[in-house]
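Grab a pencil and work through these short exercises on domains and contacts. Try each task yourself before you read its solution.

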Amino acid sequence: MSDLNQEMADRYKNNFLKEIEEQAEMGEWVKMCMQCGLCSGSCPTNFHSGWDHPPQEIFMLIRAGKREEVLNSQGMYMCTSCYNCYVRCPRKVPVTHVMHGIAEYAYRIGRAPKAQPTMHLSKTFWTNATKTGRVNEVQLTQSLYFKEGIGAGIKKAMEMQSEALGLVKAGRLNPMEALGMGHKCKDIKGIHAMLAKAEELEARNKAAKGKE
Amino acid sequence: MARKEYAFYPGCSSQKGASASNYLVSVQSMCKTLDIKMTEIPDWNCCGASVSYAESGELPRIAMNARNFALAETNLPGQEIVATCAACWLGSRESKERLEHNSQLLADTQTALKEAGLQIKAIPEIRHMVEVLIEDLGYDELAKPVKKPLQGMKFAGYVGCQTNRPFGIAGESFENPMYLDKLIETVGGEAVKYDQKVTCCGGALAFSEPEKAQAQIKDIIESAYDNGAEMLVTPCPLCQANTEVYQGQINKKYGTKFNMPVLYYSQLMTLAYGGSSKEAGLNGNVIRASKLEQFAGK
């Protein structure tokens, strides 16, 4: 367990609802849920394997103080950001954002599952996009394919060969981006300074919460 | 002077050599005909998209979007921001809404922006290209330049998620928005009725959990075929790529014989306005729309 995880568990004692309300983005909406299940029924990935707890269950688990079950859940990472749950919720809970917020919190305190593929994509995407201010699609794809090592990466790349060639032929994939060529912002330095400040402020704001 | 002028936020996927570069080509052709001037926001950056949620945190993500607002405001004063990508539009609108309703978030964002030598005064309106077309011009104006109606061609209008939810187009329902069908009809095509118009293509899960996304894509394409569509039409770069690029993989996995071209609304409009195959970016389609290529050549 990471230190931050223990620190938060101690700080909020047995009040996991309060922990989520104060620490997870949009967490204050959890108490609005009335357990109707429309979110779970509207979710396009809820009908595939891999789910343990759909949103409705996550909300109830939070209120029941089931900290371990929630932080160990795969449910948050099943989100495709389709916003079906968000627009259909009769209590206007921004379900999509709450799920993202809990995922971010689990990651921040070192509790996100290490091998979860969408969690990995989430990290990789943000790192890729903020490196130069714009997404390098080729490097993004490479880092996803090669996340389980060179062998697995080559196998995956071979499987996707015809798709990749099709995109290159259509002018929609620039192999030179692999070498770091491609599109970048001019003021990368300014973007990095801005993000460092934003991260510092966000950490400060979260740290100030939940202390008597 | 152009009839309408906007600050343009093309987004990462629309850049040259990127996955939606042909979207940009067709938007530029369409706007030329409609006399809409789109000036790119200088040095714009990525919106963060939805999938960056775990690593980014709220403030860094909002700061990224705020930087675009500040650049637009400074360099293109008085112009509304127009995005062509669903994720860019959603990320920007979401950020604007939060900044305007949360003074602490705004104050922190200003502090972060200062590090990049920028600040926000008034955040411009954030529009989607489709809103500009149907709200600022209207279907009648869009029909006027039609020289070659796409008569006898059947399209399934695939609206998908983020152009439709959570904001959507004013006056449209989340469950059955009609604007894309109306755009298809405006350029002379037939919009087929099918039941997967607003189904999710899997979004970013097409990369991370392809089997889940491909099962969803299969349902969309299958329904389009079953209801007589020859092609799919969409306003979203990720919907376009996901529904087009993985058809081969789906065929292998499910034994289907999908080979359905997936177009942008702007490609149809460019062709109906008399544009060439190249001006419509048809050479950017991986599954070639040969019927439209022949049509453009006539």
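Domain bounds, as used here, come from an automatic or database domain assignment. Keep in mind that this is a predicted model.

**Exercise 1.** Find the domains of chain B and say how far apart their C-alpha centres lie.

*Solution.* Start with the bounds: domain 1 of chain B covers 4-129, and domain 2 covers 147-297. Next, go from centre to centre: the C-alpha centres of these two domains of chain B are 25 Å apart.

**Exercise 2.** Describe the side of domain 1 of chain B that touches domain 2 of chain B.

*Solution.* Two residues count as touching if their C-beta atoms, placed from the backbone, lie within 7 Å. With that cut-off, domain 1 of chain B puts 20 residues into the contact and domain 2 of chain B puts in 22. Now look for helices: on the domain 1 side, H1 (21-34) and H4 (86-101) of chain B each supply at least two residues. H1(B) has the largest share of that side, with nine residues. Last, sort the domain 1 side by type: ten residues are nonpolar, nine are polar and one is charged.

**Exercise 3.** Now do the same job for the side of chain B that touches chain A.

*Solution.* Count first: 55 residues of chain B and 54 residues of chain A take part. Then pick out helices of chain B that each give at least two residues to its side, among them H1, H3 (58-75) and H10 (210-226). The top contributor to that side is H3(B), with five residues. Finish with the types on the chain B side: 23 nonpolar, 23 polar and nine charged.

Technical notes: Residues are numbered from 1 along each chain as its sequence is written. Chains are lettered from A and ligands numbered from 1 in the order in which they are written. This is a predicted model: local features need pLDDT of at least 70, side-chain atom pairs count only at pLDDT 80 or more; totals for chains, interfaces and linings use all residues. Helices (H or I, at least four residues) and strands (E, at least two) are DSSP runs, numbered from the N terminus. Ala, Val, Leu, Ile, Met, Phe, Trp, Tyr, Cys and Pro count as nonpolar, Asp, Glu, Lys and Arg as charged, and the others, Gly among them, as polar.
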